Amino acid sequence: MARVFSGIQPSGELHIGNYLGAVRNWVALQERHECFFSIVDYHAITQSYEPAQLEAQTFDMAVGLLAAGIDPERCVLFVQSHVPEHTELAWVLTTVTPLGELERMTQFKDKSQLQESVPAGLLNYPVLQAADILLYKADLVPVGQDQEQHLELVREIVRKWNRRFGAGFFPEPQVHHTEAKRIVGLDGQAKMSKSLNNTIGILDDPERIWQLLRPAMTDPARVRRIDPGDPAKCNVFSLHQYFSPADTVDHVADSCRGAKWGCLDCKRVLADNIIAAFVPMRERAAELRAHPERVHEILRSGAERARAVAAETMAAVRAAMGLLPAEKVALRR
Ligand code: TYM
């Protein structure tokens, strides 16, 4: 059985981008693989954030994931900072990671442009990501397209570490995509992302979903209702493909091309279908929020199960690298 690892930052909400691009895949993979899923709070602090909000955002992300179908009976769900081996292995891996490769990462280049003084944590971000995956010796990593470059680097880190310290010790993890590997935001321009304020949250209430979708960008050629449009140039149409039945999608395309309806008519149908798709998740989330102790227990037990695997990997890594075992000096870890 393949091992699966993936992570999500608690810095934003669960929106239809990270849901369709990654989390929906996690839910499917937990049925047939051994899966570890982590809320990566140590990654979230590499960018400016509000300390007073991080704890609540971490809890909310756990609620969102559980509501979306992550099942603690079928996988291990935990918070990254509850398993200290993540940062420990990350340090070890920095010793074999080429600086030039880190500087070449597109996300680093984009994010560092936004800051006056660039923290080293932003540069080392993909090394922590490598540690996340390698602690569990995962073979498969379900992510969206934006993580491909980081995964390439993880494979290079594996090759370098294995060559120096132990052939075949870490497997080279493979990327696993859904057919929705890049969902574009409501601005019709960039990847859907909380930081760009172009998202629809899967737990948003129906009225908010409509308010967000109403001004969403469509084919710019449709200035007036009588102007025909091209569905291929419209992000609202691409969202229909994920939420509307096939005959509705055909009707949408035909009505757009023939200017038989306005963009608002088209968006109303999409809004109704998005709202309907997430009704069960909103209900599950409300129930979990009413019982926070259940969520805490799931995260406690998840961290314990993750730690058992992580501690074993870390002990083997230390041994392979020649560090004096703590046990030799009668120190308990
Ligand atoms: P994050 O938190 O930005 O996103 C979580 C997952 O959702 C995917 N995703 C998208 N997919 C399609 N369209 C979109 N608009 C969209 N937005 C987000 C992301 O590709 C990701 O799979 N660095 C990672 C978290 C991480 C991780 C890991 C992932 C840390 N350690 C180890 C895999 C393995 C990140 O910031 O994801």
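This briefing describes the surroundings of a ligand, a set of salt bridges and a surface patch in one structure. The model is a predicted one, and the ligand in it has 27 residues around it. The count of salt bridges comes to 20, and a nonpolar patch of about 260 Å² lies on the surface.

**The ligand and its shell**

- Of the 27 residues around the ligand, those that come nearest are Gln9, Tyr125, Asp132, Gly144 and Asp146.
- Sorted by character, the shell around the ligand holds 11 nonpolar residues, 11 polar residues and five charged residues.
- The side chain of Gln129 has an N or O atom 3.1 Å from a nitrogen atom of the ligand, while a polar side-chain atom of Gln147 is 3.2 Å from a nitrogen atom of the ligand.
- With Met192 the contact involves the backbone, where a polar atom lies 3.0 Å from a nitrogen atom of the ligand.
- The ligand taken alone would expose 710 Å², and the protein buries 95% of that area.
- Two or more residues of the shell around the ligand are given by each of the elements β1 (3–8), α1 (16–29) and α7 (120–135).

**Salt bridges**

- Glu34 and Arg3 form a salt bridge in which the closest N and O atoms are 2.9 Å apart; because Glu34 lies in strand β2 (residues 34–39) and Arg3 in strand β1, this pair ties together parts that are 31 residues apart in sequence.
- Glu34 itself is partly exposed, as its relative accessible area is 34%.
- Glu304 pairs with Arg300 in a salt bridge, again described by its closest N and O atoms, which are 2.9 Å apart, and both residues lie in helix α13 (residues 292–321), four residues apart, or about one turn of the helix.
- Within that pair, Glu304 counts as partly exposed at 49% relative accessibility, and Arg300 counts as partly exposed at 41%.
- In the salt bridge between Lys260 and Asp254, the closest N and O atoms are 2.7 Å apart; Lys260 counts as exposed at 52% relative accessibility, whereas Asp254, at 37%, counts as partly exposed.
- Salt bridges also link Glu31, Asp71 and Arg74 in a network.

**A nonpolar patch on the surface**

- Tyr42, Ile45 and Tyr49 make the nonpolar surface patch of about 260 Å².
- One of these residues, Tyr49, lies in the loop between α2 (41–44) and α3 (51–67), and with a relative accessible area of 38% Tyr49 is partly exposed.

Conventions: Residues numbered from 1 in each chain as written. Predicted model: local features only at pLDDT ≥ 70, side-chain atom pairs only at ≥ 80, totals over all residues. Heavy atoms only, no water. Patch = residues over 30% accessible without salt bridge, like charges linked within 9 Å, V, L, I, M, F, W, Y side chains within 5 Å. Areas by Shrake-Rupley, 256 points an atom, 1.4 Å probe, with all protein chains shown as cover. Salt bridge = Lys/Arg side-chain N within 4 Å of Asp/Glu carboxyl O. Buried < 20%, exposed > 50% of the residue type's maximum accessible area, 1.4 Å probe, protein only. Near = heavy atom within 4 Å. Polar contact = N/O pair within 3.5 Å; in protein donor to acceptor, adjacent residues only side chain to side chain. Nonpolar A, V, L, I, M, F, W, Y, C, P; charged D, E, K, R; others polar.
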